[in-house]
Amino acid sequence: MLPDAPRFTIVAATDAYLEVTHASWESIQGKGLFEVFTGEGASRQAIGVESFNVSLQHVVHHKQTHQTAEIRYDILDPSTGNLQERIWKVINQPVLNEHGDLRYILNTVEDITQAVQLVEVTKANRYLQDIINGFTEPLQVLQPVIKDGKIIDFRFKLVNQAYASYAKATPDQLHGRLVGDVFPGYVDTVSFTNPVETYETGEPLTFEIHYDKDGLDLYNRMTTYKLDEEVVIHFTDFTRERQLQRQLESKVDELERSNANLQQFAYVASHDLQEPLRKIRSFGDLLYEQYGTYVPDTGQDLLQRMQSAANRMQTLIRALLDYSRITTQQPIRQPVSLSIVVQTVLSELDMIIEQTNALVEMHELPTVQGDASQLGQLFQNLLTNALKFRQLGIQPHLVIDGYQMTEQELPSLVRPAQCAAVYHVVTVRDNGIGFDPKYSERIFQMFQRLHGKSQYEGTGIGLAICQQVATSHGGAITAQSQPGKGTTFALYLPCVD
């Protein structure tokens, strides 16, 4: 949701969130949070809404994660048509941009109805122990042990089998024992100090802990809340997920190192190849100048072909160097006027514009955060292509335009590298030869050419550079075209305050 207090507009929701709240995306999209769940026509009643609002305001003002007290909610069950009480644990987390500004609030809702109700029922009915043992996530109810007015330990009042398995025991074997006797190391961790705080203040807490004591290696998200004179602790064990995350991070690091090595190799190889190429061209020029008159026509033709091939290879190497620089260097982030960038590119292309009698229309373009050099290279490639792939006998007509688009309005196939509420969109449209739409993604790949070298010069790297620049700026680039009807390139860049 957006931090636009007091409305708190909903901009996205997961399927799990919709399932917990019994809502549909169509019914909540673009609406205020309280308008949806407690406003007129919601047909629901909630206890704890004020604490929810206080929690959101806390996130807005302090940019810190905050949890509400439990919210009891009468919600309409669509499967039965009846109102059912649900108990939610609500956590509000800030999502900051690279400057530390609050961009969104991540509202997480966990349905703890089952856990709370099981605890309440178990207190009155011991035989329901079998039921809570079926609860897959660890659960415990602790009684404080107080000495000289200070909590020195807790005693197990109730645990389920999922928790007892940590101690390789059964719930009955733990009942009544001191936690410190079973897990001596816990007194030095937040798994002891936070339950103490909850008991003394009455405030629920949610926190993550890596418990690597007493022969255990666990990752848990723990929630503590006070119930009468006891502390209830609910665990979400994500040890397996963290292990998989570590494996994934290791693979990502390995892949990044491999990519870095490949990029460095491409840069060094391309750079070192230029010296022998320069010698080939220089020796070829000397050979032609000094001995050209003694070489038969066929020999002169071979010399010209050799020089032409050397020129093409040098052009390709320079393009590879450009691509390598973009992939290995982070863009310089500063305000860049795209109007100035495009005007500079057009002035560099003024000769070919004049030769082709091209008509260029440029509308007002935005100022973005980025690297002027890289963005200039992007528009240089786009505009050069538009002039190169013109239709014979038709005056080239280029239109460069800019506007804004919200995240919800993005086409389904556009996936920018950085999430944002609003994006700048810059389009470059021409009336050239166009291409078959089935190649709209292929053209951004390295060395992809839709036309032979004899028809149009080029390296097949220009559009790959455009895509890399767009990605490094947190955006995306697309192409739409039809044969004989021109092409429109669209560049999407996130709006950054």
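In the predicted model, cysteine 466 is buried, its relative accessible area being 0%. Cysteine 419, by contrast, counts as exposed because its relative accessibility is 62%, above the 50% cut-off. With a limit of 2.5 Å between cysteine sulfur atoms, the number of disulfides comes to zero.

Cysteine 466 belongs to the set of buried residues of helix H16, which also includes Leu463, Ala464, Ile465, Val469, Ala470 and Ser472. Helix H16 (residues 462-472) approaches helix H15 (residues 372-388), the two axes coming within 9 Å and crossing at roughly 145°. The crossing of H15 and H16 is left-handed. On the H15 side, the residues in contact are Gln374, Leu375, Gln377, Leu378, Asn381, Leu382 and Asn385; they meet Gly462, Leu463, Ile465, Cys466, Val469, Ala470 and Ser472 of H16. Cys466 is thus listed both among the buried residues of H16 and among the residues of H16 that meet H15. Just after H16, a positive phi of about 80° is found at glycine 474.

An open sheet of five strands, with mixed pairing, follows the order S12-S14-S15-S17-S16. Its edges are formed by S12 and strand S16 (476-481); each has a single partner strand, so one side of each lacks a neighbour in the sheet. From one strand to the next, the twist averages 20°. Helix H13 (residues 338-348) packs on this sheet and touches S12, S14 and S15, with a direction that makes about 165° with that of S12.

Within this sheet, strand S12 (residues 359-362) pairs with strand S14 (residues 397-406) in the parallel sense, over four bridges. Leucine 359 has histidine 397 of S14 as its bridge partner, and glutamate 361 stands opposite valine 399 in S14. The pairing of S14 with strand S15 (residues 422-429) is antiparallel and comprises eight bridges. Here tyrosine 403 has valine 425 of S15 as its bridge partner.

Another open sheet of five strands has the order S7-S6-S10-S9-S8, and its pairing is antiparallel. Strands S7 and S8 lie at the edges, each pairing on one side only. The twist in this sheet averages 35° from one strand to the next. Strands S9 and S10 run antiparallel and are joined by eight bridges; tyrosine 225 has valine 232 of S10 as its bridge partner.

Helix H10 is covered in part by strands of this antiparallel sheet. The buried residues of H10 are Ser191, Phe192, Asn194, Pro195, Val196, Thr198 and Tyr199. Their cover includes strand S6 (139-147), strand S7 (150-159), strand S8 (205-211), strand S9 (218-227) and strand S10 (230-237). The length of H10 agrees with expectation: because a rise of 1.5 Å a residue applies, its 12 residues (residues 190-201) should span 16 Å, and the end C-alpha atoms are 15 Å apart. Just after H10, glycine 202 adopts a positive phi of about 80°.

Notes
Residues are numbered from 1 along each chain as its sequence is written. This is a predicted model: local features need pLDDT of at least 70, side-chain atom pairs count only at pLDDT 80 or more; totals for chains, interfaces and linings use all residues. Side-chain values use heavy atoms; hydrogens and water are left out. Helices (H or I, at least four residues) and strands (E, at least two) are DSSP runs, numbered from the N terminus. The expected span of a helix is 1.5 Å times one less than its number of residues. Buried means under 20% relative accessible area, exposed over 50%, partly exposed in between (1.4 Å probe, protein chains only). Contact means heavy atoms within 4.5 Å. Two strands pair if DSSP finds at least two bridges between them. Axes are lines fitted to C-alpha atoms, for helices over the stretch in contact, and angles run from 0 to 180 degrees between N-to-C directions. A crossing is left-handed if the near helix is turned anticlockwise from the far one by less than a right angle, and right-handed if clockwise.
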